[in-house]
Amino acid sequence: METKSPIRCIVKLGGAAITCKNEFEKINEANLVTVSSQLREAMMFGSSSGSVLEMDWSKRPGVSETPKKVDDFKEQQQGLDYNSFVVIHGAGSFGHFQASKSGVHKGGLNQPLVKAGFVATRISVTSLNLEIVRALAREGIPSVAMSPFSCGWSTRDRNIASADVSTVVEALDSGFVPVLHGDAVLDESLGCTILSGDVIISHLAAHLKPQFVVFLTDVFGVYDRPPTEPNAVLLREIAVREDGKWSVVNPTFQDSDTKVETSVASHDTTGGMETKISEAATIAKLGIDVYIVKAATEHSLTALSGKLRDKIPEDWLGTVIRYVP
């Protein structure tokens with residue numbers, strides 16, 4: 001099923017960028033506000049100036065009365081004009097703890113602990129999803145929550161078996177911004193597992209064919225080793241070949257077979273940076289540029305705005321992954 005108009009961008013909000021990953025179920029409020037503002041600026045056609053018309057009309061401490069927000073829309077003469085974006089977010093400090101403690105990602109739904117963990121994981125990730133949708137709505141972005149489990153997505157041996165994108169397409173065609181997330185789903189072989197947000201992006205990219213994909217992370221991009229280690233080098237450009245294999249183009253290493261070392265947190269059940277690079281390479285092979293960049297920075301705004309498609313500025317910090325025939 002295809003959309004009526006071309007999709008501009010699929011954005012992944014990394015869990016480590018929008019939550020405090022070492023603090024249980026704590027959102028990084030400052031980053032989320034900045035990311036939401038940048039998304040609004042990137043989505044809007046033409047100027048991003050003017051007042052923001054909030055779409056979160058539920059009660060929040062210290063916020064003006066809801067009727068005032070409704071009145072703002074009554075005075076609005078024209079409909080909102082947005083580029084077509086899809087947002088997917090990771091779980092960060094939400095969901096991973098519940099999933100790893102109960103073993104949901106390994107399957108075994110007949111075990112009481114796993115079944116309880118499945119429920120607990122979904123409660124956690126959907127609560128984060130709601131807060132992200134609300135943050136986007138406060139920026140005037142017409143965002144709607146979509147959980148893969150509720151949309152009927154399922155896996156077989158952890159690989160996507162069923163993923164009907166029609167609901168996403170209908171939402172886009174109706175002028176909404178779908179907001180999906182990594183989720184606990186049913187698995188035909190294992191009973192259940194965790195479907196990573198990065199895998200969801202890869203699947204949606206293949207069906208929706210966006211102009212580009214942006215991964216917003218808590219670091220400036222992909223490094224040749226964990227960025228916390230001394231002398232870690234930011235890989236500015238990675239080329240993906242026809243066979244799916246990839247190599248570093250910029251910077252140039254003396255050893256052309258330089259390996260990229262990745263590390264995964266003990267509680268991360270979705271593969272961390274290694275999964276991200278693998279899925280990014282799969283997307284790039286489709287002819288879709290992928291940008292991995294630090295969230296809530298001037299560099300992330302540049303990527304979200306699509307300015308990297310023409311030329312990559314010398315002072316831009318991030319990683320570009322693209323297909324090279």
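Which residue in β15 is the bridge partner of V240? I will start there, and I should say at once that what we have in front of us is a predicted model. The partner of V240 is Y323, and that pairing belongs to a parallel arrangement in which 4 bridges join strand β12, residues 237-240, to β15. On the antiparallel side, strand β14, residues 289-294, pairs with β15 over 3 bridges, and here I292 has T319 of β15 as its bridge partner. Strand β15 itself covers residues 319-323, and because 4 of its 5 residues are buried, it is largely enclosed by the rest of the structure.

Let me step back to the whole chain for a moment. There are 9 helices and 15 strands, and of the 325 residues, 49% count as buried. If we take the contacts in the chain with a separation of 6 or more, residues 24 or more positions apart account for 75% of them. The chain exposes about 15,400 Å², of which carbon and sulfur atoms supply 49%.

Now to the annotated positions. The UniProt record, which is an unreviewed entry, places the feature "binding site" at A91, H96 and G197. These positions span 107 residues in sequence, yet no two of their C-alpha atoms are more than 12.5 Å apart, so they gather at one spot.

Taking A91 before the others, we find this residue in the loop between β2 (85-89) and α4 (96-102), and with a relative accessibility of 15% A91 counts as buried. Once its neighbours within four places in sequence are left aside, A91 is in contact with G15, T19, H96, V125 and L128, and H96, as you will recall, is itself one of the positions that UniProt lists.

G197, by contrast, sits in a helix, namely α7, residues 197-208, and G197 is buried with a relative accessible area of 5%. Not counting residues up to four places away in sequence, G197 touches K12, I88 and G182.

Next, the aromatic side chains. The structure holds 5 aromatic pairs, and I will show two of them. In one, the rings of W57 and F73 have centres 5.8 Å apart and planes at 65°, so this pair is edge-to-face. W57 lies in the loop between α2 (29-43) and α3 (66-74), while F73 lies in helix α3, so the pair ties together parts that are 16 residues apart in sequence. Both residues are partly exposed, W57 with a relative accessible area of 38% and F73 with 25%.

In another, the ring centres of Y291 and W316 are 6.5 Å apart and the planes stand at 75°, so this pair is edge-to-face as well. Y291 belongs to strand β14 and W316 to the loop between α9 (298-304) and β15, so parts 25 residues apart in sequence are tied together, which brings us back to the strands I opened with. Here the residues are buried, with a relative accessible area of 0% for Y291 and 2% for W316, and together with F212 they form one aromatic cluster.

My last stop is D224, in the loop between β10 (222-223) and β11 (234-235). D224 is buried, its relative accessible area being 6%. Its side chain makes a polar contact with the side chain of R225 at 3.0 Å, and a polar atom of the D224 side chain lies 2.8 Å from the backbone nitrogen of V233.

Definitions and conventions:
Residues numbered from 1 in each chain as written. Predicted model: local features only at pLDDT ≥ 70, side-chain atom pairs only at ≥ 80, totals over all residues. Heavy atoms only, no water. Helix = DSSP H or I, 4+ residues; strand = E, 2+ residues; numbered from the N terminus. Buried < 20%, exposed > 50% of the residue type's maximum accessible area, 1.4 Å probe, protein only. Contact = heavy atoms within 4.5 Å. Areas by Shrake-Rupley, 256 points an atom, 1.4 Å probe, with all protein chains shown as cover. UniProt positions renumbered as here; feature names shortened; annotations may be inferred. Pairing = 2+ DSSP bridges. Polar contact = N/O pair within 3.5 Å; in protein donor to acceptor, adjacent residues only side chain to side chain. Phe/Tyr/Trp six-rings, centres within 6.5 Å; stacked < 30°, edge-to-face > 60°.
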